[in-house]
Amino acid sequence: MGFPTLLKRLCRHKSVAVSLVVIVTVVSLAVLAPWVAPYDPNEQFFEGLTMEGAPLPPNDKFLLGTDLLGRDLLSRLIYGAQTSLIIGIVANGIAVLIGTLVGVIAGFVRGWTGTVLMRLTDLMMAFPALLLAIALAAILQPSIWIVALVIAMVNWVQVSRVIYSETIAIASREFIAVERTLGASTLRILFSHLLPHLLPTIMVWATLGISTTVLLEATLSFLGVGVQPPTPSWGNIIFESQTYFTSAVWLVLFPGLAIVILSLSFNLVGDALRDELDPSLKGRD
């Protein structure tokens with residue numbers, strides 16, 4: 001199935017079409033942030049606070065209001081999208097890569113190698129992902145790339161388990177046995193026959209995993225062990241503004257909505273992609 005055909009099939013569902021528009025919009029805003037953001041995200045405006053020093057609600061000059069330092073909230077949200085998407089794509093990409101590598105090796109080679117790799121995966125799954133991420137982030141110096149690496153290190157295990165199961169199922173099929181009988185090399189079997197059959201699953205996890213990664217990054221930043229200020233991220237915007245939760249609700253409402261809407265969009269697209277690429281899941285509409 002070609003990409004245009006797949007995109008057309010996905011857009012048959014209104015919720016998926018809207019989700020794709022949301023994702024494209026957020027990505028475009030993040031890429032074009034220096035040109036579309038009204039102000040510098042770290043610029044503090046004297047007129048951005050009330051006489052009492054409280055943040056301003058949405059108004060003509062600051063469309064989404066200001067934060068507790070008088071900075072434009074809309075500009076910080078746009079630049080925060082950069083942070084969330086960079087971490088989401090990088091962390092999930094690393095997680096999918098590690099999970100695929102471990103799962104394919106364990107499922108194809110089998111024997112003691114597969115046993116060791118799967119026991120390692122089970123060991124990683126035994127630790128609560130959030131607590132492990134907090135511990136790793138607290139030990140390492142937080143930055144965008146360290147946070148991405150930490151999230152990748154706790155998210156690869158689910159991918160590994162799924163790829164491992166599918167690799168075993170595919171490796172036991174007749175056409176793989178025929179290739180081995182004909183003397184095909186291991187690399188030829190892997191790259192010409194095994195990986196193409198795993199590609200739909202990898203694509204689905206590459207999409208669904210971004211949602212989980214964005215949520216985990218926001219959680220770590222909210223807890224103070226993620227991306228550190230003044231670099232804006234949706235999670236640390238909420239963290240910085242939690243003392244004004246009741247008196248300046250827009251400081252929590254807008255970044256919270258951004259996190260929920262983007263995560264939901266990636267989930268809907270990933271779920272629809274799984275329905276289209278896996279024939280056994282057809283008819284779930």
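Me: Taking contact to mean heavy atoms within 4.5 Å, which residues is Thr213 in contact with, leaving aside its neighbours within four places in sequence?
Reply: This is a predicted model, in which local features need pLDDT (the predictor's confidence in each residue, from 0 to 100) of at least 70 and side-chain atom pairs count only at 80 or more, while totals for chains, interfaces and linings use all residues. Residues are numbered from 1 along each chain as its sequence is written, and side-chain values use heavy atoms, with hydrogens and water left out. Thr213 is found in helix H9, residues 186–222 (helices being DSSP runs of H or I with at least four residues, strands E runs of at least two, numbered from the N terminus). Once its neighbours within four places are set aside, the residues in contact with Thr213 are Ile87, Gly88, Ala91, Asn92, Ile151 and Asn155.

Me: Does Thr213 count as buried or exposed?
Reply: The classes rest on relative accessible area, with buried under 20%, exposed over 50% and partly exposed in between, for a 1.4 Å probe and protein chains only. Because the relative accessibility of Thr213 is 0%, this residue counts as buried.

Me: How does Ser247 compare, buried or exposed?
Reply: Ser247 lies in the loop that runs between helix H10 (234–240) and helix H11 (250–277), and its C-alpha atom is separated by 69 Å from that of Ala184, 63 residues apart along the chain. With a relative accessible area of 52%, Ser247 is exposed.

Me: At roughly what angle do the axes of H7 and H9 cross?
Reply: Helix H7 spans residues 144–171, and its contact with H9 takes in, among others, Ile151, Val154, Asn155 and Gln158 of H7 together with Thr201, Trp205, Thr212 and Thr213 of H9. Axes are lines fitted to C-alpha atoms, for helices over the stretch in contact, and angles run from 0 to 180 degrees between N-to-C directions. The two axes come within 9 Å, and the angle at which H7 and H9 cross is roughly 155°.

Me: How far apart are the axes of H4 and H5?
Reply: The contact draws on Val102, Ile105, Ala106 and Val109 of H4, which meet Gly111, Thr113, Gly114, Leu117, Met118 and Thr121 of H5. Helix H4 covers residues 73–109 and helix H5 residues 111–126, and the two pack at an angle of about 140° with their axes apart by 7 Å.

Me: At about what angle does H4 pack with H11?
Reply: On the H4 side, Leu73, Leu77 and Leu85 meet Trp250, Leu251, Phe254, Pro255, Leu262 and Phe266 in H11. The axes of H4 and H11 are 11 Å apart, and the packing angle is about 35°.

Me: How many helices does the chain have?
Reply: Read from the N terminus on, the elements run α-α-α-α-α-α-α-α-α-α-α, and the C-alpha atoms fill a box of roughly 80 × 45 × 30 Å along the principal axes. Buried residues make up 44% of the 285 residues, and among contacts between residues at least 6 apart in sequence, 70% join residues at least 24 apart. The strands number zero, and the count of helices is 11.

Me: Over which residues is the pLDDT below 50?
Reply: The chain averages a pLDDT of 83, and 95% of the residues score at least 70. Among its elements, helix H3 (residues 33–36) has the highest mean, 92, and helix H1 (residues 3–10) the lowest, 68. One stretch has nine contacts in the model beyond near neighbours in sequence although its pLDDT is below 50, namely residues 279–285.

Notes:
Contact means heavy atoms within 4.5 Å.
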